[in-house]
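Here are my notes after a look through this one. Have the viewer open while you read, and check each point as you go.

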Amino acid sequence: MKVLVIGGGPAGSTAATAMAQAGLDVRLVESAHFPRYHVGESLTPSCRVVLDVIGMSKTLDDHGFVKKNGGVIHWDDDQWTFDWQAQSGVQSWQVDRSEFDALLLEHARRNGVAVTTGVTGRSVRFADGRPVAVECSPDDGEPFTIDDFDFLVDATGRNGLLSARHFGNREPLNNLRNVGIWGYWTGATLLPDTPSGGINIISSPEGWYWVIPMAGGRMSIGYVTTKDAFARDRHEHPSSDDLYRHLIAASPTITKLTAEAEFLGVTRVETDYSYIADQFCGPGYAIVGDAACFLDPLLSTGVHLALYSALTAAACVASVDRGEVDETEALRFFEFAYRRAYMRLFALVTIMYERYLGKDGFFRTSDRLIGDEQSAQPDADVSSRSFAEIIGGLSDLREAADSSTRVITDRLREEAVRAQLQVVHAPGSDGPDFTPVRGDPLSDAESADYRLVTSPRLGLERVRATHP
């Protein structure tokens, strides 16, 4: 099978590499020339698990990125630490995305992917419901058409070649209309008791801060707030740099962490980044990473969702190519796995923003979101274990590999609704809109027929007979 991947970020590179390693003929085109700057520096331990599969983890360990073991969260009056290394024996990295993305793309090349940079996919032509051609524009030269592929992977990020431009079916999440502003420092410190290389998340009355240790003694420090609050504050300050320094000074905690630090300049701003497409796949195509959906950066889920969707899509396509499963069944599994991962994270992010449960409430909701009924009992000891598993992306990988551990989708929906109802009754809250993540296809009966396997080869494995 010939596969065309449009986009060479983490999702596109990972999907392309995994499919090439599975023996498929893979071509990838990317609009940028790497290295190029990108935000999204704090990776979850699930990323290591996925990158282990494609043989990249040692390269990243040796590259010199900060190894991330967990983090500390100060949220309103609550404080807690999560340590993935201690709890699960897995660590990840804090990365410079310009270097990380370039390493992944080069790894794809070394594994036989035909990579071309400086080429933008402009439009997709369909015939009988399947993509049959992609119109491309190079940085220099004449536009051309790629039409010699059997399957298309859209990894075009926020540009959304299929979801945003072709189908126009990407929905913004109105309860997460936020703006992020950030910059880089040297000499800043982390909160006490932060696990080695860990992230700090610190709430404020109208948003929250991240503090991420980077290689070379640098620190990425950012602030996320609502679009309305940002517009108000921006009006009062003549430049983004001036606003950023005001926001840093507004937090006693961040002020203390940067007391002896030097700001390296170049304030960056990103806005309106939470959305989800109505569909993640269809006959002859799959949409992975940010091209399908993106969630607010509160729990650092962007690269997790990118790599998780990429590995799942590659497994599905590889099994279709080998004749182990038909395309309809494979894509149903892909949609199911990716959408429920987003749903669970969306529910958890939403309740944290609404701030009505407190730490123990977050943890109990996390227990229910992964089906830990014993821990979810009101009189049970409260633990951060489920919370850490969800934000680490580990629950998604576990469920994909073992259908017996999957929370029934109706129960997952109920938790989303439960959160919504509690938010609606919270003082001053309009409540979030869970509609985009509650739709079909989310069929437990059909998804239980398959599981994702990585050994002895990547693919889908049938675990029980199909339904008549």
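The points below cover salt bridges, cysteines, a charged patch and two spatial separations.

1. Before anything else, keep in mind that this is a predicted model. Everything below should be read with that in view.

2. How many salt bridges does a search of the whole structure find? The count comes to 21. As background, oppositely charged side chains can pair when their charged atoms come close. I picked out three pairs to go through one by one.

3. Start with Asp61 and Arg48, a salt bridge whose closest N and O atoms are 2.6 Å apart. The two partners sit 13 residues apart, Asp61 in helix α3 (residues 57-63) and Arg48 in helix α2 (residues 45-53), and the pair links distant parts of the chain. Their surroundings are worth a look too: Asp61 is partly exposed at 22% relative accessibility, whereas Arg48 has a relative accessible area of 12% and is buried. The cut-off for buried is under 20%, so Asp61 at 22% does not count as buried.

4. Next, go to the strands. Arg125 makes a salt bridge with Glu135, and here the closest N and O atoms are 2.8 Å apart. Arg125 belongs to strand β8 (residues 119-127) and Glu135 to strand β9 (residues 130-138); 10 residues separate them, and this pair too links distant parts of the chain. Arg125 is partly exposed, with a relative accessible area of 41%, and Glu135 is also partly exposed, at 26%.

5. The third pair is Glu399 with Arg344, with 3.0 Å between the closest N and O atoms. Because Glu399 lies in helix α14 (residues 394-401) and Arg344 in helix α11 (residues 327-354), their salt bridge ties together parts that are 55 residues apart in sequence. Are these two buried or exposed? Glu399 is buried, at a relative accessible area of 2%, and Arg344 is buried as well, at 1%. The pair also belongs to a network of salt bridges that links Arg340, Arg344, Asp396 and Glu399.

6. On to the cysteines. A search of the whole structure turns up zero disulfides. Take Cys281: the nearest cysteine sulfur belongs to Cys316 and is 8.2 Å away, and Cys281 is in no disulfide. A disulfide needs the two sulfur atoms within 2.5 Å, so 8.2 Å rules that pair out. Cys281 counts as buried at 11% relative accessibility. Cys47 is buried too, with a relative accessible area of 1%.

7. Now for the surface. Which residues form the negative surface patch? They are Asp25, Asp147, Asp148, Asp150 and Asp321. Of these, Asp25 is found in strand β2 (residues 25-30), and its relative accessible area of 44% makes it partly exposed. Patch members need over 30% relative accessible area, so Asp25 at 44% clears that bar.

8. Last, two C-alpha separations to check in your viewer. Glu106 and Thr17 are 89 residues apart along the chain, yet their C-alpha atoms are separated by 9.8 Å. Glu106 lies in helix α5 (residues 97-110) and is partly exposed at 33% relative accessibility. The other pair is Ala249 and Ala259, which are 10 residues apart in sequence and 10.0 Å apart from C-alpha to C-alpha. Ala249 is part of helix α8 (residues 240-250) and is exposed, with a relative accessible area of 56%.

Notes. Residues numbered from 1 in each chain as written. Predicted model: local features only at pLDDT ≥ 70, side-chain atom pairs only at ≥ 80, totals over all residues. Heavy atoms only, no water. Patch = residues over 30% accessible without salt bridge, like charges linked within 9 Å, V, L, I, M, F, W, Y side chains within 5 Å. Areas by Shrake-Rupley, 256 points an atom, 1.4 Å probe, with all protein chains shown as cover. Salt bridge = Lys/Arg side-chain N within 4 Å of Asp/Glu carboxyl O. Lys, Arg positive; Asp, Glu negative; His and termini not counted. Charge placed at Lys NZ, Arg CZ, Asp CG, Glu CD. Helix = DSSP H or I, 4+ residues; strand = E, 2+ residues; numbered from the N terminus. Buried < 20%, exposed > 50% of the residue type's maximum accessible area, 1.4 Å probe, protein only.
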